Amino acid sequence: MADDGQGDGDELVHRECLSPNSNERTLPISMLVIHYTEMENAAVAIDRLCDPEAQVSAHYLISEEGEVTRLVPEEKRAWHAGQAYWRGHKDVNSASIGIELDHPGHALGYREFADAQFEALVPLVARIVKEHDIPRANVIGHSDVAPARKIDPGELFPWDRLAEYGLCLAKPEHLEQGDPFDNDAAFYLALERFGYDITDGHKAVEAFQRRWRPERIDGVIDLQIRAILFQLLLDRDRGVTR
């Protein structure tokens with residue numbers, strides 16, 4: 001582990017604390033995954049992300065105060081997603097940049113994300129998606145790529161605010177009228193087409209709700225989430241979103 005106290009020329013990075021937990025990519029970068037640490041504080045999280053025995057890491061960690069620490073260079077494959085899937089990719093780690101947000105998570109007292117942290121996240125995400133030409137639809141949460149195992153960054157993460165900057169997909173404002181899917185099986189197939197792993201259907205629906213209808217997460221396929229998914233797919237097919 002190296003800590004040179006600076007961001008290696010990147011004005012958005014305040015310090016560097018390199019983790020040994022990385023290896024070579026086998027895919028080009030096409031997505032960005034946001035996590036929370038679910039640990040007591042940033043220092044504890046960094047220690048774990050740099051612990052060879054833990055075998056986990058991320059490219060960046062952002063403290064609640066807004067300090068950005070680089071843990072793994074972007075050209076390397078960080079070990080942040082674990083067993084995951086998104087839009088046909090089973091090796092999400094090879095295809096993604098991982099950002100950890102210092103946060104107690106659901107286990108230690110779930111709460112709103114700090115403004116200073118979000119204000120540091122926005123320019124970092126903006127730089128990453130521009131540099132790697134990452135589609136907005138591929139700026140996602142850990143729960144999106146691992147719905148059966150993970151629920152971070154959770155229902156309080158401000159996706160709507162990130163969308164205002166054009167850095168992720170916004171929730172559709174206008175929904176097509178009528179029921180777009182004949183049955184639950186049709187919904188699951190559409191959910192898989194959008195990008196989710198539907199091996200555990202209930203968990204996949206919860207993950208979709210956590211991202212797109214966070215006010216009620218119950219795993220039930222109701223008319224509202226069917227309409228949201230249908231509109232997301234329509235917008236993508238029409239070339240409105242990327």
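**A note on the rings, strands and pockets of this model**

1. A good place to start is phenylalanine 194, which is buried, with a relative accessible area of 2% (buried is under 20% relative accessible area, exposed over 50% and partly exposed in between, with a 1.4 Å probe and protein chains only). Please keep in mind that this is a predicted model, in which local features need pLDDT of at least 70 and side-chain atom pairs count only at pLDDT 80 or more, while totals for chains, interfaces and linings use all residues. Residues are numbered from 1 along each chain as its sequence is written, and side-chain values use heavy atoms, with hydrogens and water left out.

2. Which ring does phenylalanine 194 meet edge-to-face, 6.2 Å centre to centre? The partner is tryptophan 86, with 90° between the planes (rings of Phe, Tyr and Trp, the last by its six-membered ring, pair if their centres lie within 6.5 Å; planes under 30 degrees apart are stacked, over 60 edge-to-face and the rest tilted). Along the chain the two are 108 residues apart: tryptophan 86 belongs to the loop between strand 7 (76–78) and helix 2 (92–95), and phenylalanine 194 to helix 6 (helices, H or I with at least four residues, and strands, E with at least two, are DSSP runs numbered from the N terminus).

3. Tryptophan 86 has a relative accessible area of 1%, so this residue is buried too. Tryptophan 86 also forms an edge-to-face pair with tyrosine 196, at 5.0 Å centre to centre and 80° between the planes. This pair spans 110 residues, with tyrosine 196 in the loop between helix 6 and helix 7. Tyrosine 196 counts as buried because its relative accessibility is 0%.

4. Now step back to the wider group of rings. Ring pairs join Trp86, Phe194 and Tyr196 with Phe181, Phe187, Tyr188, Phe208, Trp212 and Phe230 in a cluster. The count of aromatic pairs comes to 14. Two arginines add a charge over a ring (NZ of Lys or CZ of Arg within 6 Å of the ring centre and within 35 degrees of the ring normal). The charged end of arginine 87 is 5.1 Å from the ring centre of phenylalanine 194, and that of arginine 211 is 3.9 Å from the ring centre of tryptophan 212.

5. Several of these residues return around an enclosed space. The largest cavity, of about 70 Å³, is lined by residues including Trp86, Phe194, Tyr196, Arg211 and Trp212. (On a 1 Å grid over the protein atoms alone, a cavity is a set of points where a 1.4 Å probe fits but cannot get out, and a pocket is an open set with protein on both sides within 12 Å along at least five of seven lines; lining residues have an atom within 4 Å of a point.) Volumes are the space filled by probe spheres set on the points, which are joined across faces, edges and corners. Strand 9 and helix 7 each give two or more residues to this lining.

6. How many cavities of 30 Å³ or more does a search of the whole structure find? There are two. The second largest holds about 40 Å³, and Arg211 is among its lining residues, along with Asp144, Trp159 and Arg210. Helix 7 provides the largest share of that lining, three residues.

7. Strand 4 deserves a look as well. Six of its six residues are buried: Met31, Val33 and His35 point one way, and Leu32, Ile34 and Tyr36 the other. Strand 4 pairs in the parallel sense with strand 8 (residues 96–101) over six bridges and with strand 9 (residues 139–141) over three (a pair needs at least two DSSP bridges). Tyrosine 36 has leucine 101 as its bridge partner in strand 8, while valine 33 stands opposite isoleucine 140 in strand 9.

8. Tyr36 leads on to the largest pocket, as one of the residues nearest its centre, together with Thr37, Glu100, His142 and Lys150. This pocket has about 430 Å³ of space. Its 20 lining residues receive their largest share, three residues, from helix 1.

9. The second largest pocket holds about 340 Å³ and is lined by 16 residues, with Trp159, Asp160, Ala170, Lys171 and Arg211 nearest its centre. Helix 5 gives the most to this lining, three residues.

10. Finally, is histidine 174 buried or exposed? Histidine 174 counts as exposed because its relative accessibility is 64%. This residue sits in the loop between helix 5 (159–164) and helix 6 (184–194). Its C-alpha atom is 22 Å from that of alanine 186, which is 12 residues away along the chain.
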